[in-house]
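Subject: Handover of a structure, with notes

Dear colleague,

I am passing on to you the structure that follows, and I would be grateful if you could read the notes below it with the coordinates open beside you.

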Amino acid sequence: MIDKAYAITDEINKTDLNKRLLEIKKEIKNNNELKRIIDNFNKAKELYEKYNVKDDFIKAKKELIQNEILKEYIDIQNKINILSIKINNRIKHITNG
């Protein structure tokens with residue numbers, strides 16, 4: 001069973017989706033503007049969670065999702081997360097019964 005889990009992980013890592021995610025990560029790492037947008041969002045999110053500061057959070061979130069590169073990154077992450085949930089549910093179903 002463990003070998004099959006590793007095989008699934010290897011297959012996911014080979015997908016075009018994962019390859020694109022890695023490309024975007026590299027692009028973000030090398031782009032100060034993208035890093036600034038992410039940093040602003042994280043700071044605004046923290047203020048929102050601690051002190052309910054909504055305006056800055058909404059503004060930062062809009063800036064984040066209006067950027068095509070960051071929008072694509074979030075979309076790919078969501079697709080991979082959904083795939084992970086489906087795989088986990090399938091494994092749970094198989095192991096429980």
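The notes below take up confidence, then one helix, then the core, and lastly the aromatic rings.

Please bear in mind throughout that this is a predicted model. The average pLDDT over the chain is 92, and 98% of the residues reach at least 70. Confidence is lowest in helix 1, where the mean is 82, and highest in helix 3, where the mean is 98.

Helix 2 was looked at in some detail. Its 14 residues should span 20 Å at 1.5 Å a residue, and the C-alpha atoms at its ends are indeed 20 Å apart, so the expected and modelled lengths agree. Which residues of helix 2 are buried? They are N18, L21, I24 and I28, and, when one looks down the axis of the helix, the buried residues fall within an arc of 120 degrees, so that they line one face. The background to such a pattern is that an α-helix has 3.6 residues a turn, so residues three or four places apart point the same way. On the face of helix 2 turned away from the buried side one finds the exposed residues D16 and K26, whereas the cover over its buried residues includes helix 1 (2-14), helix 3 and helix 5.

I28 leads on to the largest nonpolar core, which has 14 residues, and in which I28 and L70 touch the most other members. Two or more residues of this core come from each of helix 2 (16-29), helix 3 (32-51), helix 4 (54-66) and helix 5 (68-96). Leaving aside residues up to four places away in sequence, L70 touches I28, L34, I37, I38 and L64.

As for the aromatic rings, the structure holds 2 aromatic pairs. In one of them, F41 and F57 are tilted, with 5.7 Å from centre to centre and 35 degrees between the planes; because F41 lies in helix 3 and F57 in helix 4, this pair ties together parts that are 16 residues apart in sequence. Y48 and F57 have ring centres 4.7 Å apart and planes at 10 degrees, and therefore count as stacked. Ring pairs thus link F41, Y48 and F57 into a cluster. Within that cluster, F41 counts as buried at 14% relative accessibility, F57 likewise counts as buried at 14%, while Y48, at 31%, counts as partly exposed.

With best wishes

Terms used
Residues numbered from 1 in each chain as written. Predicted model: local features only at pLDDT ≥ 70, side-chain atom pairs only at ≥ 80, totals over all residues. Heavy atoms only, no water. Core = buried A, V, L, I, M, F, W, Y, C linked by side-chain atoms within 4.5 Å. Buried < 20%, exposed > 50% of the residue type's maximum accessible area, 1.4 Å probe, protein only. Helix = DSSP H or I, 4+ residues; strand = E, 2+ residues; numbered from the N terminus. Contact = heavy atoms within 4.5 Å. Expected span 1.5 Å × (residues − 1). Arc of directions from axis to C-beta. pLDDT = per-residue confidence, 0-100. Phe/Tyr/Trp six-rings, centres within 6.5 Å; stacked < 30°, edge-to-face > 60°.
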